[in-house]
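Visitor: Please give me a close look at a single part of this structure. I should also like to follow what adjoins it, step by step.

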Amino acid sequence: MRDLSGGLEWLSLNWATVRQQWDLRQAIEGCARHGIPGIAPWREPLQVLGLAEAARLIRDHGLAVSGLCRAGMFPAADAAGRQAAIDEVRRATDEAAAIEAQCLVVVAGGMPAGSKDLALARQQVRDGLAAILPHARAAGVPLALEPLHPMYAADRCCISTLAQANDLCAELDPEGAGGLGVAIDVYHVFWDPELAREIARAGAASRILAFHVCDWLVPTRHLLLDRGMMGDGVIDLRRIRGLVEAAGYAGLIEVEIFSTDWWRRDPDEVLRIISGRYHTTV
Ligand code: ZN
């Protein structure tokens, strides 16, 4: 396992962690000020700042981009909607290429309004990924499928486990030609009894593209906006990081905390606490 007790060598900040306090420019400058070498922008603030200006700022501050969040949402009620989703992922892939993101984070999508057919939604995700994969390969931006906790299966992401994501990768990229992999976010997968096996499986195929950390609070008061700071909850972060690194992952460790509590704090204080917890808890 890597030793994180020294510097902040592998730390990356997901912009959403400070999204109520800082725009993307402020977050980039904040990372640089705090010695955090990585950032993961979201598309909306990226478009506000402008691709060229964002790329320049990121380059000038010497930051790596651990991923661009996010695109996907493939299922739709009709063919036009499904094509629009694919086109949107294509644009996101190009944006990711422009800022030299190490991957585009893909959130698959849930069931279209009125549908109860989860199997059909999953089929549409498969078909959408198959349609966009050649473009991602050509752009040099791998698609990182992020399984989300099953509580989001209906409306946000019908890929709920790392096993499902690995299965999709194996089906769509059987030769391991690249362009497709997984994002492992502890918040979404820590509960999974198959986690160790599936992390090893993803690593054996060189498909771990991103590693996201935060914590699971007990009790959790909101399905989306009550993630915890690392160390404040029940996730054995060091164990999961050990599994991910034993599987061959040597990339950035991205802190992604959606939390109305942390969004109320001074963002410089948030970054100081993140840096401290990176040393002591991650
Ligand atoms: Zn994540």
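**A central strand and its surroundings**

Guide: In strand β6, leucine 145 is the residue that stands opposite valine 106. The model is predicted, so local features require a pLDDT of at least 70 and side-chain atom pairs count only at pLDDT 80 or more, while totals for chains, interfaces and linings use all residues. Residues are numbered from 1 along each chain as its sequence is written, and side-chain values use heavy atoms, with hydrogens and water left out.

The part to examine is strand β5, residues 104-107. Here helices (H or I, at least four residues) and strands (E, at least two) are DSSP runs, numbered from the N terminus. Both faces of β5 are covered: Leu104 and Val106 point to one side, Val105 and Val107 to the other, and all are buried. Buried denotes a relative accessible area under 20%, exposed over 50%, and partly exposed in between (1.4 Å probe, protein chains only).

β5 pairs with β6 (residues 143-145) in the parallel sense, over three bridges; two strands count as paired if DSSP finds at least two bridges between them. On its other pairing, β5 is joined by four bridges to strand β4 (residues 68-72), and these two also run parallel. Leucine 104 in β5 is the bridge partner of leucine 68. Strand pairing of this kind is made through backbone hydrogen bonds, parallel or antiparallel.

Helices connect these strands. β4, helix α4 (residues 79-98) and β5 form a right-handed β-α-β unit, and β5, helix α5 (residues 118-139) and β6 form another right-handed unit. The handedness is right when, with the strands pointing away from the viewer, the path from the first strand over the helix to the second runs clockwise.

The wider setting is an open sheet of nine strands in the order β3-β2-β1-β9-β8-β7-β6-β5-β4, with parallel pairing. Its edge strands are β3 (64-65) and β4, each of which pairs on one side only. Toward the β3 edge, two bridges join β2 (residues 38-40) to β3 in a parallel arrangement, with valine 65 as the bridge partner of isoleucine 39. Although β4 is an edge strand, four of its five residues are buried, so it is largely enclosed by the rest of the structure.

Cysteine 69 is buried as well, at 2% relative accessible area. The structure holds zero disulfides, a disulfide being a pair of cysteine sulfur atoms within 2.5 Å. Cysteine 69 is accordingly in none; the nearest cysteine sulfur, that of cysteine 103, is 7.9 Å away. Cysteine 157 is likewise unpaired because its sulfur is 6.2 Å from the closest cysteine sulfur, in cysteine 158, too far for a bond. Cysteine 157 is buried at 0% relative accessible area.

Asparagine 14, in strand β1 (residues 11-14), counts as buried at 0% relative accessibility. Apart from neighbours within four places in sequence, asparagine 14 is in contact (heavy atoms within 4.5 Å) with residues including Cys69, Val255 and Glu256.

Glu256 leads to the metal site. The zinc ion is coordinated by Glu146 (OE), Asp185 (OD), His212 (ND1) and Glu256 (OE), at 2.0 to 2.2 Å. Donors are N, O and S atoms within 2.8 Å of the metal (3.2 Å for Na, K and Ca); water is not among the atoms, so sites may look incomplete. Angles among the four donor atoms run from 81 to 149°, and the site is irregular. Four donors count as tetrahedral if all angles lie between 85 and 135 degrees; four count as square planar and six as octahedral if opposite donors are over 155 degrees apart and all others between 65 and 115; anything else is irregular. The donor residues are spaced E-x38-D-x26-H-x43-E in sequence. Histidine 212, in β8 (residues 208-213), and glutamate 256, in the loop between β9 (253-255) and α10 (267-280), link distant parts of the chain, 44 residues apart. Both histidine 212 and glutamate 256 are buried.

Two helices complete the picture. Helix α6 (residues 162-172) has buried residues that include Leu162, Leu168 and Cys169; their cover includes α5, β6, β7 (180-185) and α8 (195-204). In helix α9 (residues 237-246), Leu237, Ile240 and Arg241 are among the buried residues, and the buried residues of α9 pack against β7, α7 (186-189), α8, β8 and β9. Just after α9, glycine 248 takes a positive phi of about 110°.
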